[in-house]
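Here are some notes for a colleague who is opening this structure without having seen it before. They are arranged as numbered points, each of which can be followed in the viewer.

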Amino acid sequence: MKTPQLLNYARGQWTPGDTATLTELPSAVDGSTVALTGSGGLDFGAMAAFARDVGGPALRRLTFHERARMLKALGLAVLARKEELYELNYATGCTRKDGWIDIEGGAGTLLSFSSKGRRELPDAHVLLDGQLEPLSKSGLFVGQHIFTSLQGVAVHINAFNFPVWGMLEKLAPTILAGVPAIVKPASATAWLCEAAFRVMIEADILPLGAVQLIVGGVGDLFDHLSGQDVVSFTGSAATALKLRTHPAIQRNSVKFIAEQDSLNASILGPDAAPGTPEFDLFVQEVVTEMTVKAGQKCTAIRRAMAPAAHIDAVEAAIRDRLAVTRVGDPRAEDTRMGALVSRAQRDSVREAVSAITAQGARVVAGDLHASVGPDGGAFLSPILLRADDPWSCDAVHDVEPFGPVATVMPYRDLNDAVALANRGRGSLVLSLFTHSPEAARDFVLGAGSHHGRMLVIDRTNAKDSTGHGSPLPVLVHGGPGRAGGGEEMGGIRGVAHYMQRTAIQSSPAMIAAITDQYIPGGPKHVIDAHPFRKRMSELHIGDTLKTASRTVTVEDIEHFAHFTGDTFYAHMDEEAAKASPIFEGRVAHGYLILSFAAGLFVDPAPGPVLANTGLENLRFLTPLYPGDSMRVELTVRSKSLKSEDTGVVRWAVEIFNQKEELVATYDLLTENVP
């Protein structure tokens, strides 16, 4: 059978690389050639230009919601053809369970960002950042920070360990931000990435130029990057340094996001003695992180720390669990750990272990050179190391064996554990197993600055925990220092990485026009029909209902006080209220004002408004005294489509007294029929 050649996807066409420059990609299971790959002959400058000139404008014409719906369709397309991807997954050395993290986890990331985009972003092109900033007494000159899409291309350089998830977790926020991408997978598993990419192209969801694929080297692509472009890299610190210092990156201030080497730590708390649930959970997590994906995860536990009094028990418990871990063909049902991605990677892990043992650590479980798994494959038994003096073994904190390897080490007290964890010089993730809130607080305060994500696991949350090594779409993935200093995902935070923050100074009316969202002080369109009688699609930004007025009496205040039990002196005692430095006498309750406001603007009949789902940004600005009147202006601020059946309208609620002074303001969220 002829070995298949992987294809690049450049300028809307599937394009083979020059045959003279092709590379053979071996199976991790038996060493046979899975595919040929290469990108020789591609015009990388033309690809970058195609992304900017064709893909970028097409994406920017779409709103956040339209882009979010595309992400959902892409995720469903991947799931519909997941069995094809699982079949290709085995040759990477991964079991089906490992592949689930990569394939269905990648699709799930697309779906998560789609949901976040539709729920948290406006159906518009501009994202507001923070509140309006008053810049003048009149209110006619204000400031507003906004995010707009970068007008360049995102270059995604991914690692071999997650060829599908690694691609999709970068693509999701990029596409949602309205920026086209060029994807460059690691060659070692490029066949799986190319197959998943092909699924998306054949689904015919994205506009032309939104995505392109390079299955070989990137040639002179970096020479064509500008200040509007972004490079998002996952891989080794050495490669990251080489790319960061590329002349074009430096000269043009190209945004560079890096997720690189990370010697992640897991700590057994001082209270977690043998026999406690936390002890067992810690041991289980270390073994899991050593064996899932054969330890080839940027988030895997490399350093396992325990109180000196318990280090022998920890070693024994981990060793016993590893002894029954079956290593072998990832297709076999009884296999618990597959192969490393290649024999070259296995050699790299062996070299790293040798460097650590050369400084005093020793192997206490596993055999570096044992023959395991099918012949020709890149199999390695899990290796547990022990460093009894971790402060004299620098290599354990500096050298990352990217495979099924972890080192156990003792700590003296909590301060020593914090210092050891931070000695890794920055990591993607740290986990702490403790049932002591005090220990958790002290540890996070001491180590939070050095770690991008921290899990505190105990008997109460372990069952629900997603685990030490699982990055989540809604949480930041990245870390300081050695881990690269970058961030990915994190919900809408990840979208902002592909946008430019700009401070706009102008009138509220002008800023409302720029952002296509109502801004306090901006133009309102007073409507006669009650807005609660309109479907969301029939409402327009700035549509405003002005209510009648209602006078608030002493009797109202006292009835509310006795009915609710809120008899605070400022509402019930005239003399005490006058003695306050902020009141002239008795005042209406803030929540009475909110309740009366709802009574003024709510239409009680069934209709397109289904429910009140929240209230945000509440401010009480002017006291309301007995005898004062109040009225409400209810304005459509923004709209978000939650699902095919429901949407969310954000209303600006402004409450005025008889002097036209603002009494209170807040945002009201309602669930509506689209």
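1. A convenient place to start is the pairing of strand S12 (residues 264-268) with strand S13 (residues 301-307), which run parallel and are joined by four bridges. Within this pair, Ala 265 stands opposite Arg 303 in S13. Please keep in mind throughout that the model is a predicted one.

2. These two strands belong to an open sheet of seven strands, whose order is S14-S15-S16-S13-S12-S17-S18 and whose pairing is mixed. Strand S14 (362-365) and strand S18 (451-457) stand at the edges and have a single partner strand each, so one side of each is left without a neighbour in the sheet. From one strand to the next, the twist of this sheet averages 25°.

3. The mixed character of the pairing can be followed around S15, for S14 and S15 pair in the antiparallel sense over three bridges, whereas S15 and S16 run parallel and are joined by four bridges. In the antiparallel pair, Arg 362 has Arg 386 of S15 as its bridge partner, and in the parallel pair Leu 385 stands opposite Thr 407 in S16.

4. Is S15 covered on one face or on both? Both faces are covered, since Ile 383 and Leu 385 on one side, and Leu 384 and Arg 386 on the other, are all buried. As a general matter, the side chains of a regular strand alternate between the two faces of the sheet. Helix H10 (residues 311-323) lies across S12, S13, S14, S15 and strand S16 (405-411), and the direction of H10 is at about 170° to S15.

5. Following the chain on from S15, one comes to Cys 393, which sits in the loop between strand S15 (383-386) and helix H12 (395-398). Cys 393 has a relative accessibility of 1% and therefore counts as buried, the cut-off for that term being under 20%. Leaving aside residues up to four places away in sequence, Cys 393 touches Ile 356, Gln 359 and Ala 361. The C-alpha atoms of Cys 393 and Gly 360 are separated by 6.3 Å, although these residues are 33 residues apart along the chain.

6. Another loop residue to inspect is Thr 276, placed between S12 and helix H9 (277-291). Because its relative accessibility is 17%, Thr 276 counts as buried. The side chain of Thr 276 reaches the backbone oxygen of Ala 273 at 2.7 Å.

7. For a helix pair, consider helix H13 (residues 414-422) and helix H14 (residues 437-447), which pack at an angle of about 35° with their axes 9 Å apart, H13 passing H14 in a right-handed crossing. On the H13 side the contact is made by Leu 414, Ala 417, Val 418, Ala 421 and Asn 422, and on the H14 side by Ala 439, Asp 442, Phe 443, Gly 446 and Ala 447. Seven of the residues in this contact are nonpolar, two are polar and one is charged.

8. A further open sheet deserves a look, in which three strands are arranged in the order S5-S6-S21 with antiparallel pairing. Its edge strands are strand S5 (127-134) and strand S21 (499-506), each of which pairs on one side only, and the twist averages 20° from one strand to the next. S5 is joined to strand S6 (residues 142-149) by five bridges, the two running antiparallel, and Pro 134 stands opposite Val 142 in S6.

Conventions. Residues numbered from 1 in each chain as written. Predicted model: local features only at pLDDT ≥ 70, side-chain atom pairs only at ≥ 80, totals over all residues. Heavy atoms only, no water. Buried < 20%, exposed > 50% of the residue type's maximum accessible area, 1.4 Å probe, protein only. Contact = heavy atoms within 4.5 Å. Axes fitted to C-alpha atoms, helices over the stretch in contact; angles between N-to-C directions. Left-handed = near helix turned anticlockwise from the far one by under 90°. Nonpolar A, V, L, I, M, F, W, Y, C, P; charged D, E, K, R; others polar. Pairing = 2+ DSSP bridges. Polar contact = N/O pair within 3.5 Å; in protein donor to acceptor, adjacent residues only side chain to side chain.
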